[in-house]
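Please work through the exercises below with the sequence and the 3D structure at hand. Try each task before reading its solution.

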Amino acid sequence: MNEEQFKQNYKKAVDHMKTNEQMKKRVEQSLNTQHQGPKRQRKPLYIAASVVIAASIGLAAPSVWQQFNGPAEPTPQVAEVTPGASFDPIVIPKMELSDSQGKGAMADMMQLVVYGGNVYTQSPTLLDSTNALSLRGDKLGTTTGGINELSGQDKYTEFASNIGEADIYAVNGYDKDFRIMSYTEIDGQVYAQLFDKNNGITIGTGADLIGKLHLEGNVASAQWETFDSWNNGKQQFQPLAADESLESFISALSAAKPIATSPELEENLYGKEDRKIIYLTLKDKTQVPLVLFGEGLVRYGNVPAFLEVEKGAFQAFWSSLGE
């Protein structure tokens, strides 16, 4: 599937999103039950629906972000910050898959795996299947398959998922408390996908989020794309030098101030088109997309937080990308 098809599918998926309350409730309830052994009956891997990847890299509409429960906050002012400074940390609560208000709609759209009593969702970071084996670490278990709104309560246990049955592994070079991967081979074809745990965490600076991706000193190549190109499927990727300028921006990103998301902030940001997307291909062949907003904020996937980069560093990098 090329990128244009991918984006078209994503848009269709957004149009058809609906809350699957029953499914979410069952998964949530399972997190509070005693772990049971995963089912071993093999079924073909339910290939992760690529239509949700665009949402996961942080380009989609504000309604997508409503999975996390948190009080609405006024739109913060973008202020200049100082690298190395400390900030009031923001706390991203443990992901809840169901509540009485019908929130958590992402749970039945995003690909997810329950591991260690936590919910890992489809990572914004992309991994080509041809490079997956080198990243595959120790086997952690096997997901249960066939979970849907008709599944019984007993299916929602450790390694419950909505990706079907797949072997789950640690990822070489990454903390399994942050990232795991599915890896399956069918008729010689590799199907692999990364999952991140970006909930139940505290972000004091950008390093608490971006640092987990190991960007600093590991970018092998980079590209960027205008919002117009992405939004219209033009695939007009432009070269971005993996040089000192980019490393400097990554350092500033690690020192950035975290800002919790809110409906007002998202409405302000996503109501505009002054966005640029950078794609960083690391030495381990993973590709990390980051969305830059003209107001000086950066977002990684669906994490309900923005990073406010020091104003001078952000503007210098933003301007270097061109229009």
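The exercises go from the overall make-up to strands, cores, a helix and salt bridges.

The model is predicted, so local features need pLDDT of at least 70 and side-chain atom pairs count only at pLDDT 80 or more, while totals for chains, interfaces and linings use all residues. Residues are numbered from 1 along each chain as its sequence is written, and side-chain values use heavy atoms, with hydrogens and water left out.

**Exercise 1. Overall make-up**

Find how many helices and strands the protein has, and what percentage of its residues count as buried.

Solution. Begin with the secondary structure, in which helices (H or I, at least four residues) and strands (E, at least two) are DSSP runs, numbered from the N terminus. This gives nine helices and 15 strands. Next take burial, where buried means under 20% relative accessible area, exposed over 50%, and partly exposed in between (1.4 Å probe, protein chains only). Of the 323 residues of the protein, 51% are buried by that cut-off. Finally turn to contacts, meaning heavy atoms within 4.5 Å: among those between residues at least 6 apart in sequence, 74% join residues at least 24 apart.

**Exercise 2. A run of paired strands**

Work out which strands pair with β5 and with β6, and in what sense.

Solution. Two strands pair if DSSP finds at least two bridges between them. Strand β4 (residues 136–142) is joined to β5 by four bridges in the antiparallel sense, and in this pairing Arg136 stands opposite Val171 of β5. On to the next pair: β5 (residues 167–171) and β6 are also antiparallel, again over four bridges, with Ile168 opposite Ser182 and Tyr169 having Met181 as its bridge partner in β6. Strand β6 is in turn joined to β7 (residues 189–196) by eight bridges, the two running antiparallel, and here Met181 stands opposite Leu194. Strands β6 and β7 form a hairpin with two residues between them, and Asp187 in the turn has a positive phi of about 55°.

As a last step, consider burial. Five of the five residues of β5 are buried, so this strand is largely enclosed by the rest of the structure. In β6 (residues 179–186), six of the eight residues are buried, so β6 too is largely enclosed by the rest of the structure.

**Exercise 3. The nonpolar cores**

Find how many residues the largest nonpolar core has, and which helix gives the most to it.

Solution. A nonpolar core is a set of buried Ala, Val, Leu, Ile, Met, Phe, Trp, Tyr and Cys residues joined through side-chain atoms within 4.5 Å. The largest such core has 46 residues, and those with the most contacts inside it include Met181, Leu215 and Leu292. Helix α7 (residues 244–254) gives the most to this core, with five residues. A second, separate core of 12 residues includes Phe227, Ile259, Val291 and Phe293.

To see what surrounds one member of the largest core, set aside the neighbours of Leu292 within four places in sequence; the residues in contact with Leu292 then include Phe249, Ile278, Phe314 and Trp318. Phe249 is among the buried residues of α7, as are Leu246 and Ile250.

**Exercise 4. One side of a helix**

Identify the buried residues of helix α8, and find where they lie around its axis.

Solution. In α8 (residues 263–270) the buried residues are Leu265, Glu266, Leu269 and Tyr270. They cover an arc of only 110° around the axis (the arc of the directions from the helix axis to the C-beta atoms), which puts them on the same side of α8. What covers these residues includes strands β11 (257–260), β12 (275–282) and β13 (287–293).

**Exercise 5. Salt bridges**

Compare the salt bridges of Arg299 and Lys234: which partner does each have, and are the residues buried or partly exposed?

Solution. A salt bridge is a side-chain nitrogen of Lys or Arg within 4 Å of a carboxyl oxygen of Asp or Glu, and by this rule the count comes to five. Arg299 forms one with Glu266, the closest N and O atoms being 3.9 Å apart. Arg299 lies in strand β14 and Glu266 in helix α8, so the pair ties together parts that are 33 residues apart in sequence. Both residues, Arg299 and Glu266, are buried.

Lys234 forms a salt bridge with Asp228, with 2.5 Å between the closest N and O atoms. Lys234 is partly exposed at a relative accessible area of 40%, and Asp228 is partly exposed at 35%.
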